[in-house]
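I opened this model today to look up how its strands are arranged, what lies across them and where open space is left. My notes follow in the order in which I looked.

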Amino acid sequence: MNTIIVYFEYFTNGEIGSDKYRFSAQTDAIHKMEELKCAIKSNFCDCPNAETIHEPDFFGIIDHATGDYAKVFLQTI
């Protein structure tokens, strides 16, 4: 049985953090990733210099002006 891990990492306003969530069902992992993507988008909506990277198993935004970033990605083990 595969385990899917959703990793979430961020650096914003001088604070850094990370978390990970383990799922046995792919659909649950994708749902959590979508939830975190929405949170990232809402936190960076006022950043005109933000660069977004969107791939099937990775989503991230970095604000080049401040160095703030957030990313979420999947890993199957």
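I began with one cross-strand position, and in this predicted model I found Ile 5 standing opposite Arg 22 in S2. I then looked up the pairing of the strands themselves, and noted that S1 and S2 run antiparallel and are joined by nine bridges. Following the chain through the hairpin of S1 and S2, I saw that two residues lie between the strands, and that Asn 13 takes a positive phi near 50 degrees there.

Next I asked myself in which order the strands of the sheet stand. I wrote down S2-S1-S5-S4-S3 for this open sheet of five strands, with antiparallel pairing. Strand S2 (15-23) and strand S3 (50-55) each have a single partner strand and stand at the edges, so one side of each is left without a neighbour in the sheet. For the turn between neighbouring strands of this sheet I noted 10 degrees on average, with direction ignored.

I moved on to the helix, and found that H1 lies across S1, S2, S3, strand S4 (58-63) and S5. Against S5, H1 runs at about 175 degrees.

Then I looked for aromatic rings that pair, and the count came to four aromatic pairs. One of them is formed by Tyr 7 and Phe 73, which are stacked, with 5.1 Å centre to centre and 20 degrees between the planes. Why does this pair tie together parts that are apart in sequence? Tyr 7 lies in strand S1 whereas Phe 73 lies in strand S5, so the parts that the pair ties together are 66 residues apart in sequence.

Last, I looked up open space, and recorded a volume of about 180 Å³ for the largest pocket. Its lining is made up of 13 residues, and those that lie nearest the centre are Thr 12, Asn 43, Phe 44, Tyr 69 and Ala 70. Strand S1 (4-12), helix H1 (26-43) and strand S5 (69-76) are the elements that give two or more residues to this lining. Sorting the lining of the largest pocket by class, I noted eight nonpolar, three polar and two charged residues.

Conventions. Residues are numbered from 1 along each chain as its sequence is written. This is a predicted model: local features need pLDDT of at least 70, side-chain atom pairs count only at pLDDT 80 or more; totals for chains, interfaces and linings use all residues. Side-chain values use heavy atoms; hydrogens and water are left out. On a 1 Å grid over the protein atoms alone, a cavity is a set of points where a 1.4 Å probe fits but cannot get out, and a pocket is an open set with protein on both sides within 12 Å along at least five of seven lines; lining residues have an atom within 4 Å of a point. Grid points are joined across faces, edges and corners, and a volume is the space filled by probe spheres set on the points. Helices (H or I, at least four residues) and strands (E, at least two) are DSSP runs, numbered from the N terminus. Ala, Val, Leu, Ile, Met, Phe, Trp, Tyr, Cys and Pro count as nonpolar, Asp, Glu, Lys and Arg as charged, and the others, Gly among them, as polar. Two strands pair if DSSP finds at least two bridges between them. Axes are lines fitted to C-alpha atoms, for helices over the stretch in contact, and angles run from 0 to 180 degrees between N-to-C directions. Contact means heavy atoms within 4.5 Å. Rings of Phe, Tyr and Trp (its six-membered ring) pair if their centres lie within 6.5 Å; planes under 30 degrees apart count as stacked, over 60 as edge-to-face and the rest as tilted.
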